[in-house]
Amino acid sequence: MKAVVMAGGEGTRLRPLTCNRPKPMVPVVNKPIIQHIFELLKRHEITDIAVTLYYLADEIESFFGDGAELGLHLSYSVEDVPLGTAGSVKKAAEVFGRERVLVISGDALTDIDLQEAVRFHEARSAVATIVTTRVDNPLEYGIVVTDDEGRIRRFLEKPSWGEVFSDTVNTGIYILEPEVLDYIDPGKPTDFSQDVFPALLRDGKRLYAHVASGYWCDVGNIQQYRQAQVDAVMGRVKVEIPGNKIGADIWVGEGTEIAANACLSGPLVIGRNCRIGPGAGCFEYTFMGDNCIIEKDAVIQRSILWQDTFVGQGAEVRGAVIGQHAIIKDFVTCHDGVVVGDRCRIEQGAILQPQIKVWPNKVIEPGSRVTMSLIWGTKWPGSIFKDRGVAGLTNIELTPEFAMKLGASFGSSIGKGATVTTSRDDHPASRMILRSIICGLMTVGVNIFDLRSTPLPVSRYNIKTLGVDGGVHIRVSPDNPRLTLIELFGSQGINLPRAHERKIENIFFREDFRRTDADEVGKLEFPGRVLEPYTEAFFNYVDARAIAHSRLSVVVDYAYSRLSMFLPSIFGRLGCDMVALNAYPDHSRAPKTRDDREAHLRKLSETVSTLKADMGVFVESDGERLALVDEMGRVVEGNTLLAAVVWLATRDAFGMCDGLATHDGLGTHDGPGTHDGFGRSAAAPVPGGGAAAIHASASGATLGSTFADASTSTSTPTPTSIPTSASASGSASGSVSVGASTSPSLSISAPTSGPASASASAAAPAPTRAPGSSTSASGGRLLVVATVAATSAVDRIAAENGARIVRTRQDARSLMEFASRAGQDILFAGDTEGGFIFPRFQPAFDAMFSLAKVFEFLARQGVELSHVVDSLAIPPMVRRSVSCPWEHKGRVMRVLAEETADMRREFIDGLRLFFDDGWLLVLPDPAEPFVHIYSEAVAEDAAAGRAQEYADRVAAIVGI
């Protein structure tokens, strides 16, 4: 016997799950429903099957092909317009000629005995037999009323309760003799229940109903869909569940990896090639498709996850249905009844309330609380660029397809015929993404100099030496090892301005790529000299002789990075005695978490102490940042490291040496007050320097978003002034705060007198310093740039040594942008994460060059790192983070600004408040649903109490 499977349904009641697929392709225990029907037919030795298609027909035809893999012979009948149940069957059955056919729905789950139904049909010499079953609620089905022999007397399609005369309903399974098809007009929409079967009754044809005893479920809505899955694993319906059975009720597909401490409890179905992370829990009645990733400590319970789903760390998915290629980020909560469509991205910390439906391709912002279904909206979030660049989950969010599109967008933004460099770290995923980026660039006519696996500072420097228009660097994100980070650079080797990023985003969203002819496709070249130009320039800005004379012994932990291929040659020329740890590239062993990093630092500290070395060095972030260990084994990082470099650099620049008074020709230090900190003599200070000189040199520059209260500072006459920050220690400070003024000029305000300010005015007496440096007492022309959350100790140290601190926004981009501006005498710029910029070498973070400058400063001053650390007197700082949904951040900052109107404060980045004994910064996170609070005070208890006070205030405003 032949069979016709009706598979043209849209499944509107299952939306959003059926927005991108026909209802028969919805998976039950990791197989499409229609595949279960095919397997049922095969078990009853029916292998010649015609399939009727209409909605998204290609999805079914491309998936099953000719049916050979299932041992079937499939043919397809695609309708241009709907022909109804009977019309579609007649069209499909034409391939069989005049033979008996069995008609069955492809979107219902059943194990009804078809051979028994055929025997019933033959025994009664029926023209047509309808297979029926009994259900509790017949309202959504066609009711069949029969006599004692099973002959049909009446039909009623989808009755009301007042019309219900039976609980026996039509399953959509029919056995038809050829003459039944004669009742169907070709090409005309015709329905079995409404047209054909009533006509057979009128003509007195032998029309029977067979009441089957097997399982049958229409899978018409989400509730029935969930129940069908449960029934399958409970054995209520006979279907073949893929995977190897573990114990009584857990099925696991081939290639799946499950962490040793993951928790599984059945009934549970896990597909092929899945990964279940440490501490994750997959509990009863969970159904997981192929290629799913469940991260550490995530919880999945009574939920259905379609294939290629990602669930982040600590997320909870309970009683939800998650579509294909959906991304559930860290600490997301999906409550009971939630349905998430295909390719949705639920960002970190979001909460989806019960019964919410999210249509395909939607993005839920971090920390959002979704209380109503999301149907309309855009496919992409408002920005693909974050603080550092474009970051995404490797091969999940940031895929080769995405990367190629991004490359084409970047190339279109800089123009045909432009040239860029490309580079990467040594991770295989970075290589994959970089090749996709290169393809995208070349398609729009951009030429490539591929530097291959190169440390980031070297890549940035080569952009300048090669004279290209920009660059691309791919690496594992330093903030999260699960993410790939794509950074795009301009011709100076620093990250693109925001305006250029927005231009790229516009092209990306519109897909407005410029296509080139075959002869204009970009060219790909591989420069032969990458490290040499960098190294040559490196030693032009370092006093190598002074370092060599000091004979420093250094322990370097390369942390299995590519830097182990570059740094040894530089250290060799500096004359350092070096001991290398983990000095070979191996991305699989590189530190990936904060705990890994701390373990490396502990080992480094032990090694330095054991070997009695002068210093330990830990280089990270692809050569951008570093941490040090002094000769006593103490880790020097964060604010301590920043303050130490300020102490060394400013004293070196003004010749304030505790150790060597002269340098015996080892460098070019001509005497106190004349050294520029780069191994060369500096010109004498310009008369009238200080605030006026800085104001003139920075004309036209803006950075960040800032304004100051007029009541808290005395400013130069510009529309918006930049307030002076306070020093918690109470010593002279003289700092400068930088933001985006409405004025076209950069302004510097004089410090405020009184107990709330520890800053020195321009007329204040100069701190004690070496002879020859007094011209810097009023502020000097040398600037040190630090982020807004850096310790106030840097203000004090800089002022004591004749320099000025400029405060910028907290992000790395602001530091690089400020350091790249011409006409400013910047000694260096630094943040609290071990990143330093020496702009006379290059205006970007460079751990290798920064390390060499630290060696130089120590050598010329004849001091040990421990002496520097002991001299810093850094006030205690406490940090708190408060969860804050995006929609509440503006209200939090407005309310706090209103409540602190009578306090001394500044708005460089967030809200910075000054107190008699310290300061506090309230800073909304730019990428996550948090507000961060930094509190510094003379006493740690005071700092902690103030931080907690404002954390509680933020929580109260948010309402948590």
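Colleague: I'm new to this one, so let me start small: is His-36 buried or exposed?
Modeller: His-36 counts as buried, because its relative accessibility is 3%, where buried means under 20% relative accessible area, exposed means over 50%, and partly exposed lies in between, computed with a 1.4 Å probe on protein chains only. Please keep in mind that this is a predicted model, in which local features need pLDDT of at least 70 and side-chain atom pairs count only at pLDDT 80 or more, while totals for chains, interfaces and linings use all residues. Residues are numbered from 1 along each chain as its sequence is written, and side-chain values use heavy atoms, with hydrogens and water left out.

Colleague: Okay, and where does His-36 sit, and what is it in contact with?
Modeller: His-36 belongs to helix H1, residues 33-43; helices (H or I, at least four residues) and strands (E, at least two) are DSSP runs, numbered from the N terminus. If neighbours within four places in sequence are set aside, the residues in contact with His-36 are Val-28, Val-29, Lys-31, Leu-109, Val-239 and Glu-240, where contact means heavy atoms within 4.5 Å.

Colleague: Zooming out, how many helices and strands does the protein have?
Modeller: There are 22 helices and 56 strands, and of the 960 residues in the protein, 59% are buried. Among contacts with a separation of 6 or more, 62% come from residues 24 or more positions apart.

Colleague: Let's take one helix, then. Which residues of H10 are buried?
Modeller: The buried residues in H10 are His-500, Glu-501, Ile-504, Glu-505, Ile-507 and Phe-508. Looking down the axis of H10, these buried residues fall within an arc of 165°, so they line one face of the helix; the arc is that of the directions from the helix axis to the C-beta atoms.

Colleague: What do they pack against?
Modeller: They pack against helix H7 (400-414), strand E40 (483-489) and helix H18 (812-819).

Colleague: And what span should H10 have at 1.5 Å a residue?
Modeller: H10 has 13 residues, 498-510, and should span 18 Å, which agrees with its end C-alpha atoms being 18 Å apart; the expected span is 1.5 Å times one less than the number of residues. Just after H10, Glu-511 takes a positive phi of about 55°.

Colleague: How about H21, which residues are buried there?
Modeller: In H21, Lys-889, Val-892, Met-893, Val-895, Leu-896 and Ala-897 are buried, and what covers them includes strand E53 (905-906), strand E54 (911-915), strand E55 (918-924), strand E56 (930-937) and helix H22 (940-958). The 14 residues of H21, 886-899, should span 20 Å, and the end C-alpha atoms are 21 Å apart, which agrees.

Colleague: Switching to pairs of helices: at what angle do H15 and H17 cross?
Modeller: The axes of H15 (residues 638-653) and H17 (residues 793-800) cross at roughly 5° and come within 9 Å. Those axes are lines fitted to C-alpha atoms, for helices over the stretch in contact, and the angles run from 0 to 180 degrees between N-to-C directions. H15 and H17 are therefore roughly parallel to each other, given that angles under 35 degrees count as roughly parallel, over 145 as roughly antiparallel, 65 to 115 as roughly perpendicular and the rest as oblique.

Colleague: Which residues make that contact?
Modeller: From H15 they are Leu-642, Ala-643, Val-646, Trp-647 and Thr-650, and from H17 they are Val-794, Ile-797 and Ala-798. By class, the contact has seven nonpolar, one polar and no charged residues, with Ala, Val, Leu, Ile, Met, Phe, Trp, Tyr, Cys and Pro counted as nonpolar, Asp, Glu, Lys and Arg as charged, and the others, Gly among them, as polar.

Colleague: Any odd backbone spots? Where is Pro-16 found?
Modeller: Pro-16 is in the loop between strand E1 (2-6) and strand E2 (27-28), and the peptide bond from Arg-15 to Pro-16 is cis, with omega near 15°. Another cis peptide bond joins Gly-266 and Pro-267, with omega about 0°. Most peptide bonds are trans, and most residues other than glycine have a negative phi.

Colleague: Then what is the phi of Ser-621?
Modeller: Phi of Ser-621 is near 55°, a positive value in a residue other than glycine. Ser-621 lies in the loop between strand E44 (615-620) and strand E45 (625-629) and is buried, with a relative accessible area of 15%. Asn-361 also has a positive phi, near 65°, and is partly exposed at 22%.
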